[in-house]
Amino acid sequence: MKYHFVFMGLLCLLALFCTTSCDKEKLEDVPIWLPGDQEFGFAKGKKNKEKFEASAFAYFGQPPIDSLIIVAIVTESESGYLRERINLATFEWIPQKYTLSDEEIVPNKQIVRCTYGTMVDGGDVSGDNYDLDIDKKSNQLEITEVDIENKLISGKFTATLYNTDKNDKSDPKNPDVVTFRNVSFEATITQ
């Protein structure tokens with residue numbers, strides 16, 4: 001009987017441990033940069049467990065995807081140098097939901113390619129590159145509003161990406177995994 005209580009106690013501790021740590025995704029600390037000039041748009045949400053704000057703009061793709069939209073979301077250093085960039089490419093001019101993918105851009109598919117990378121030095125040198133974690137079902141983009149007259153597009157997305165070379169990071173502060181959650185954006189098409 002005594003061992004029965006010890007066994008039950010250990011089982012309860014194991015259950016408590018799993019409910020507090022096994023089900024929750026570990027979110028690493030991440031560098032948070034400045035949003036930069038938001039003349040053409042903005043993005044706000046969560047980057048891992050931190051508040052995230054960035055500037056955003058949109059533009060048309062090159063042929064054969066020249067009728068489709070690409071949204072770029074960027075942050076800057078205190079000196080104004082580019083530090084990170086998220087690309088959501090490509091989608092149509094209509095409100096709808098898309099699955100995010102790491103596939104190459106393919107016109108007329110219901111997927112949108114999501115890429116993320118960091119920059120170093122003067123913002124013109126590629127730092128760490130991240131690929132979309134295609135196993136995450138939460139990788140979604142929703143275009144919520146399109147204002148053709150004012151060339152304005154709004155939406156929200158969630159994406160989890162992992163560093164493609166964890167053993168050779170350009171900046172050791174960059175996490176192995178970055179999750180952008182409930183990032184809403186509004187962007188003006190600049191071309």
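The following paragraphs describe the fold, strand pairing, nonpolar core and selected residues of a predicted model.

The chain contains one helix and 10 strands, and, read along the sequence, these elements follow the pattern α-β-β-β-β-β-β-β-β-β-β. Of the 191 residues in the chain, 36% are buried. The accessible surface of the chain amounts to about 11,200 Å², and carbon and sulfur atoms account for 53% of that surface. Among the contacts in the chain with a separation of 6 or more, 55% are between residues 24 or more positions apart.

Several of the strands are linked through antiparallel pairing. Strand E6, which covers residues 111–120, runs antiparallel to strand E7, which covers residues 125–132, and four bridges join the two. Within this pair, Tyr 116 has Tyr 130 of E7 as its bridge partner. E6 and E7 form a hairpin with four residues between them, and in its turn Asp 121 has a positive phi of about 55°. Strand E7 is also paired with strand E9 (residues 152–163), in the antiparallel sense and over three bridges; here Leu 132 has Leu 161 of E9 as its bridge partner.

Strand E9 is in turn paired with E8, again in the antiparallel sense, over seven bridges, and Glu 145 stands opposite Ser 154 of E9. Strand E8 (residues 140–147) is further joined by four bridges to strand E5 (residues 96–101), the two running antiparallel, and in this pairing Gln 96 stands opposite Ile 143 of E8. E8 and E9 form a hairpin with four residues between the strands, in which Lys 151 takes a positive phi near 55°. Lys 151 lies in the loop between E8 and E9, and its phi is a positive value in a residue other than glycine. Because its relative accessible area is 40%, Lys 151 is classed as partly exposed, a class that lies between the limits of 20% and 50%.

The largest nonpolar core of the model has 31 residues, and those with the most contacts inside it are Ile 73, Leu 88, Phe 91, Leu 141 and Phe 157. Strand E10, formed by residues 177–188, gives the most to this core, with five residues. In soluble globular proteins, nonpolar side chains tend to be buried together. The surroundings of Phe 157 illustrate how separate parts of the sequence meet: leaving aside neighbours within four places in sequence, Phe 157 is in contact with Ile 73, Ile 86, Leu 88, Gln 140, Leu 141, Phe 180, Arg 181, Asn 182, Val 183 and Phe 185.

One of these contacts of Phe 157, Asn 182, has a backbone feature of its own. Asn 182 is placed in strand E10, and its phi is near 45°, a positive value in a residue other than glycine. Asn 182 counts as exposed because its relative accessibility is 60%, which is over the limit of 50%.

A further backbone feature is found in strand E4, which comprises residues 82–91 and includes Thr 90. The peptide bond that joins Ala 89 and Thr 90 is cis, with an omega of about -10°. The loop between E4 and E5 holds Trp 93, which counts as buried because its relative accessibility is 19%, a value under the limit of 20%. Not counting residues up to four places away in sequence, Trp 93 touches Phe 60, Ser 67, Ile 69, Val 146, Asp 147, Ile 148, Lys 151, Leu 152 and Ile 189. Ser 67, one of these residues, is 26 residues from Trp 93 along the chain, and the C-alpha atoms of the two are separated by 8.4 Å.

Ser 101 is placed in strand E5. Because its relative accessible area is 8%, Ser 101 is classed as buried. A polar atom of the side chain of Ser 101 lies 2.9 Å from the backbone nitrogen of Glu 103. With neighbours within four places in sequence left aside, Ser 101 is in contact with Ile 111, Val 112, Arg 113, Cys 114 and Leu 132. Leu 132, in this list, is also the residue whose bridge partner in E9 is Leu 161.

Note on methods
Residues numbered from 1 in each chain as written. Predicted model: local features only at pLDDT ≥ 70, side-chain atom pairs only at ≥ 80, totals over all residues. Heavy atoms only, no water. Core = buried A, V, L, I, M, F, W, Y, C linked by side-chain atoms within 4.5 Å. Buried < 20%, exposed > 50% of the residue type's maximum accessible area, 1.4 Å probe, protein only. Contact = heavy atoms within 4.5 Å. Pairing = 2+ DSSP bridges. Polar contact = N/O pair within 3.5 Å; in protein donor to acceptor, adjacent residues only side chain to side chain. Areas by Shrake-Rupley, 256 points an atom, 1.4 Å probe, with all protein chains shown as cover.
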